[in-house]
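Q: I have a protein model open and I want to learn to read it. Can we take it feature by feature?

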Amino acid sequence: MSDIADLPSSFRFVLVRTSHPGNIGSAARAMRTMGFARMELVSPHRFPDREASAMAAGADDVLEGAGVHAGLVHALAGASFSLGLSARRRGVNLPELTPREAAGQALAAAERGGQVALVFGNERTGLENEELARCHAMVRIPSVDDFSSLNLAQAVQVMAYECRLALLGEKVPTPPPLHDEPPADAAQMERFFEHLLQTLDDIDFHKGRAPTMIMLRLRKLFLRAQMDERELRMLHGILADAQRMARLANEKK
């Protein structure tokens, strides 16, 4: 169980394929005003950059500590609960939360000792479906339908504010942990999904059909379960046995 004073360090703000360095700086300022400091950048167009530093308006510690990654999987490493921000309903079938609901769930995950990631997409195109598929739920800020596009830093500010409110809210008895073991993080889940895909190929589950849709649905199923490390090891064992039986069957042909 995490101490409340340490909870802000359990949150990371992940900016994916950011086009304008000024938006990175503005997002850093928005985070810092609400007490958050961990920023992760995925393939930013330009960073570091003087414009980012200027727009940070003193939140230099956030920029200096920002991680830069080639892909989203690396930026999510260690996170056990991820929320993807999207202005539009996408083809990915994920639970949809308001910012306040999302902040409440994020706080609950952090109180259980997990790391939380808030994921924001490119300014123009937002998150791609395959990026949203790596999240446990989607968050939509309820803007008006005829002018729904928020600036990236504004979206970060909304979520940072809601998370700050959740942290400052009246404390209620925390429910007991869902698991005795540590929760599986994003990197562990990706290894499991790779193993699952390979196993389905080995047993010819797809029978020549494209695996894309079934894997999206399986991702949703297993992410919703929020498995711990022991449960994930058990599933890896089941998959390994299925692969072994497939090999034996092929050898007898």
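Q: Which residue in strand 3 stands opposite Leu41?
A: Val68 stands opposite Leu41. Before going on, note that this is a predicted model, where local features need pLDDT of at least 70, side-chain atom pairs count only at pLDDT 80 or more, and totals for chains, interfaces and linings use all residues. Residues are numbered from 1 along each chain as its sequence is written, and side-chain values use heavy atoms, with hydrogens and water left out.

Q: How many bridges pair strand 2 with strand 3, and in which sense?
A: Start with the terms. Strands (E, at least two residues) and helices (H or I, at least four) are DSSP runs, numbered from the N terminus. Two strands pair if DSSP finds at least two bridges between them. Here, strand 2 and strand 3 (residues 67–69) pair over three bridges, in the parallel sense.

Q: How many bridges join strand 1 to strand 2?
A: Four bridges join strand 1 (residues 11–16) to strand 2, and the two run parallel. One pair to find on screen is Val14 with its bridge partner in strand 2, Glu40.

Q: In what order do the strands lie in the sheet?
A: The order is 3-2-1-6-4-7-5. These seven strands form an open sheet with parallel pairing.

Q: Which strands stand at the edges?
A: Strand 3 and strand 5 (96–97) do. Each has a single partner strand, so one side of each is left without a neighbour in the sheet. For strand 5, two bridges lead to strand 7 (residues 137–139), which runs parallel to strand 5. Look there for Leu97, opposite Val139 in strand 7.

Q: Are the two faces of strand 2 covered or uncovered?
A: First the general idea. In a regular strand the side chains alternate between the two faces of the sheet. Next, the cut-offs: buried means under 20% relative accessible area, exposed over 50%, and partly exposed in between (1.4 Å probe, protein chains only). In strand 2 (residues 39–42), both faces are covered. Met39 and Leu41 are buried on one side, Glu40 and Val42 on the other.

Q: Which elements make the right-handed β-α-β unit?
A: A crossover is right-handed if, with the strands pointing away from the viewer, the path from the first strand over the helix to the second runs clockwise. Strand 1, helix 1 (residues 21–33) and strand 2 make such a unit here. Helix 1 lies across strand 1 and strand 2, and runs at about 155 degrees to strand 2. Axes are lines fitted to C-alpha atoms, for helices over the stretch in contact, and angles run from 0 to 180 degrees between N-to-C directions.

Q: What does Ser26 in helix 1 touch?
A: Contact means heavy atoms within 4.5 Å. Leaving aside neighbours within four places in sequence, Ser26 is in contact with Met55, Ala56 and Ala153. Ser26 counts as buried, at 18% relative accessibility.

Q: Which residues touch the most other members of the largest nonpolar core?
A: A nonpolar core is a set of buried Ala, Val, Leu, Ile, Met, Phe, Trp, Tyr and Cys residues joined through side-chain atoms within 4.5 Å. The largest one here has 43 residues. Leu15, Phe36, Met39, Leu83, Phe120 and Val156 touch the most other members. Helix 7 (residues 152–168) gives the most to this core, with seven residues. A second, separate core has 16 residues, including Leu94 and Met138.

Q: How many salt bridges does the structure hold?
A: A salt bridge is a side-chain nitrogen of Lys or Arg within 4 Å of a carboxyl oxygen of Asp or Glu. The structure holds ten. One of them joins Glu162 to Arg100, with the closest N and O atoms 2.9 Å apart. Glu162 lies in helix 7 and Arg100 in helix 5 (residues 99–111), so the pair ties together parts that are 62 residues apart in sequence.

Q: Is Glu162 buried or exposed?
A: Glu162 counts as buried, at 11% relative accessibility. Its partner Arg100 counts as exposed, at 53%.

Q: Where do Arg219 and Glu190 lie?
A: Arg219 is in helix 9 (residues 212–225) and Glu190 in helix 8 (residues 186–202). They form a salt bridge, the closest N and O atoms being 2.9 Å apart. Arg219 is buried at 12% relative accessibility, and Glu190 is buried at 8%.
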